[in-house]
Each structure stands twice: as structure tokens, then as C-alpha cells.
Amino acid sequence: MTPRFRFDGIYTPVVTPFAADFSVRWDALEAVIDWLIGQGVHGLISGGSTGENYAQTLDERIEIARFTVDKTAGRVPVVIGTGAMLTAESLALAHAAREMGADAILLASPPYAVPTDRENALNALAIDRAADLPIMLYNYPHRTGTMMGEDFLDRVGRSRNFCGIKESSGDINRVHLLARDYPHIQLGCGMDDQALEFFAWGAPFWVCGGSNFLPAEHVALYEACVREGDFAKGRRIMSAMMPLMRVLEQGGKFIQTIKHGVTMTGVDCAVVRPPLKALNKDDKRALDQVVRVLKRTIADIRAEG
């Protein structure tokens, strides 16, 4: 079965800049969108967890998504996140994505419900009918409590709208399974510290929060591995990125760290919505140091070739 759409390259789950009163800073969001596209990312995702979707109302999510589609203006594909605890909200987001002219939707398992593969597949197919758009699945069992198993994949795979999967289980055996047994569903990296392994197994795309503030460096790894097939170069770039992966994943401060990284680029994104709190001085200092070394090292590697 030929999928409707190809997900290729670096897809950035865009942060949402907030003012001190937690309202959306639309000028800052537009600046982030323009900067990311100018830096060469290949697609944007609105309404993902990196965008703090869990702390937004349904109306806010739709408004942010529509703004992102409008400001992107067709320069790169825009994927709209439909993840929600309520199926009715996922259906509303899917329908809105279609109406606003989005290129695709991101579809995760509903959290906490822990549906069976059959139940999860029927839920996904209902959302598929509401959107009738290309779909990037999002398998993140550590957050949702549900693995998108083989029965799920077999059921949803009958619709050609299911074009890709952001695999975030952390289980390398899942990479092998998806690459070998489900080639009609494009494999996408959703575990940043396994990006090299995903690319080695033929993954054509990577959804990476760190590309919000280091887009060129994430693009460099993609280009080395996927475009050039130079995994020796890819290993050197990945090695330079590993300290960043450790900073992002330690201590439960992923989103705060991403948003401080964006602030370092010149767009103030320091504010996060409750229950999260902004980084402290030590955390900021650690990220600053890692970013300086990473950027210099990868620039040197790129300059060689």
C-alpha cells in the first residue's frame, strides 16, 4: 500500500511562548516559526506535548494550530496534534485540522484509559475519519500507558492515511519490528538518544524537541545519515549531541530546558504554564555550556566536508 504522504527530515514540535500572565505571545510564536523554517527544518508540529498542549483548552489548541498553519503559509508541512484524554476533543482537533488546511495530524493513544489494541485502533480509525488527512502515529507508552501493538498496527494499517509513526517507546526491538514488518508505515525517531540507530534502520524522519533551538545541528545529523549515508560522520555528530540528550532528559525538566534554549536564540520563551516552573540558574548554566560545545564541535565537523 502506497502512503498518501511522506514524512522526511526534521519535524519540530513547536514550543508555545507565553507572557507573564500565561497568555500566548503571538508575535513570539510567529518569530519562532519563521526562524525554524529559515534554519532548514522540514516540518512543524503544533499541539504536541512540547508545545504544552496538556495545559491548554481545546479552543486554545485550535487557535494556536490555525495561527501556525496561517503563518507557515505552505513553506513546510504542518502537523496538528490531536492527543487528548477525551475522544470527543481528539475528534474536534482532527476536524479542525482538516478545516484549517493542515498537512497531517499527530495521533497518540489516549492517556490513562489503557485501551486494548482493538479499542485503541477503533479510536484511531474514528479520528482518521474525522480528519481524512495523512497521520503520524505517536507511540509513547511511558506517557500514555498503552503500547501500539501489532494488532493495533495491523488494524490501522488498512487505511493508507496512516503514513508514519513517531516511535518513542525506547525499545530498540520496536525499531526492528517496525522497519521489518511494517514498511508501509514510515519509521520516525521519537527517542533522541537513539536517532543514529533509527537512521541506520531506514527512518526518514526525526521529531525532536531540541530542534526548537538547535535546528541546524539536528538537520546536520539527518543529512549525514539519510542524505549522505555517511554514518561515520553521523556517529561523530551524534557523539557531540549526547551531552544535550542527557541534559534534556534528566530531572524531568524537558520542556523548561527546551524553552530556555529558545530564549538563548533571542526569542523569550522562559515562561511555562503550571504545574511546571522555569529553570534555575544552575540548570541554565549547564545548558549554556553544553550548547556552546555542541555548536562548535558540529560546526567543525560540517566544515571538514
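This note sets out the main features of a predicted model, point by point.

1. Overall sheet. The model contains a closed barrel of 8 strands, ordered S1-S2-S3-S4-S5-S6-S7-S8, and the pairing in this barrel is parallel. On average, neighbouring strands of the sheet are turned by 25° against each other, direction ignored. Helix H4, residues 117-131, packs on the sheet and touches strand S4 (104-108), strand S5 (135-139) and strand S6 (162-167). The direction of H4 makes about 165° with that of S4.

2. Strand pairing in general. Strands of a sheet pair through backbone hydrogen bonds, and the arrangement is either parallel or antiparallel. In this model, strand S1 (residues 9-13) pairs with strand S2 (residues 43-46) in the parallel sense, over 3 bridges. Within that pair, Pro13 has Ile45 of S2 as its bridge partner.

3. Strand S6 and its partners. S6 pairs with S5 in the parallel sense over 5 bridges, and Met136 has Gly164 of S6 as its bridge partner. S6 also runs parallel to strand S7 (residues 186-189), to which 4 bridges join it. Glu167 stands opposite Cys189 in S7. Is S6 buried or exposed? Of its 6 residues, 6 are buried, so S6 is largely enclosed by the rest of the structure.

4. Annotated positions. The UniProt record, an unreviewed entry, places the feature "active site" at Tyr138 and Lys166. The two positions span 29 residues in sequence, yet their C-alpha atoms are no more than 4.7 Å apart, so they gather at one spot. Both Tyr138 and Lys166 belong to the lining of the largest pocket.

5. Surroundings of Tyr138. This residue is found in strand S5. Tyr138 has a relative accessibility of 12% and counts as buried, because the cut-off for that class is under 20%. With neighbours within four places in sequence left aside, Tyr138 is in contact with Ser49, Leu106, Leu107, Ala108, Ser109, Met148, Lys166 and Ser168. The other annotated position, Lys166, is therefore one of the contacts of Tyr138.

6. Surroundings of Lys166. This residue is found in strand S6. Lys166 is buried as well, with a relative accessible area of 10%. Residues up to four places away in sequence are not counted in its contacts, which are Met136, Leu137, Tyr138, Asn139, Gly188, Cys189, Gly190, Phe205 and Val207. Among them, Met136 is the residue whose bridge partner in S6 is Gly164, and Cys189 is the residue of S7 that stands opposite Glu167.

7. The largest pocket. How much space lies in the largest pocket? The volume is about 1200 Å³. The pocket is lined by 44 residues, of which Ser49, Tyr54, Tyr138, Tyr140 and Arg143 are the closest to its centre. Tyr138, one of these, is also one of the positions that carry the UniProt "active site" feature. At least two lining residues come from each of S4, helix H5 (141-144), helix H10 (231-249) and helix H11 (254-264).

8. Enclosed cavities. Rolling a probe the size of a water molecule over the atoms shows where empty space is left. The count comes to 4 cavities of 30 Å³ or more. About 60 Å³ of space lies in the largest cavity. Its lining consists of 13 residues, and those nearest its centre are Ala84, Ser90, Ala108, Asn123 and Ile127. Helix H3 (87-100), S4 and H4 each give two or more residues to this lining. Ala108, one of the residues nearest the centre of the cavity, is also in contact with Tyr138.

9. Backbone details for inspection. A cis peptide bond joins Pro274 and Pro275, with omega of about 15°. Pro275 lies in the loop between H11 and helix H12 (281-304). Two residues other than glycine with positive phi values may also be noted: Glu52, with phi near 65°, and Val114, with phi near 50°. Glu52 is found in the loop between S2 and helix H2 (58-72), and its relative accessibility of 0% means that Glu52 counts as buried. Val114 has its place in the loop between S4 and H4.

Note on methods. Residues numbered from 1 in each chain as written. Predicted model: local features only at pLDDT ≥ 70, side-chain atom pairs only at ≥ 80, totals over all residues. Heavy atoms only, no water. Pairing = 2+ DSSP bridges. Axes fitted to C-alpha atoms, helices over the stretch in contact; angles between N-to-C directions. Contact = heavy atoms within 4.5 Å. UniProt positions renumbered as here; feature names shortened; annotations may be inferred. 1 Å grid on protein atoms, 1.4 Å probe; cavity = no way out; pocket = protein on both sides within 12 Å on 5 of 7 lines; lining within 4 Å. Buried < 20%, exposed > 50% of the residue type's maximum accessible area, 1.4 Å probe, protein only. Points joined across faces, edges and corners; volume = space filled by probe spheres on them.
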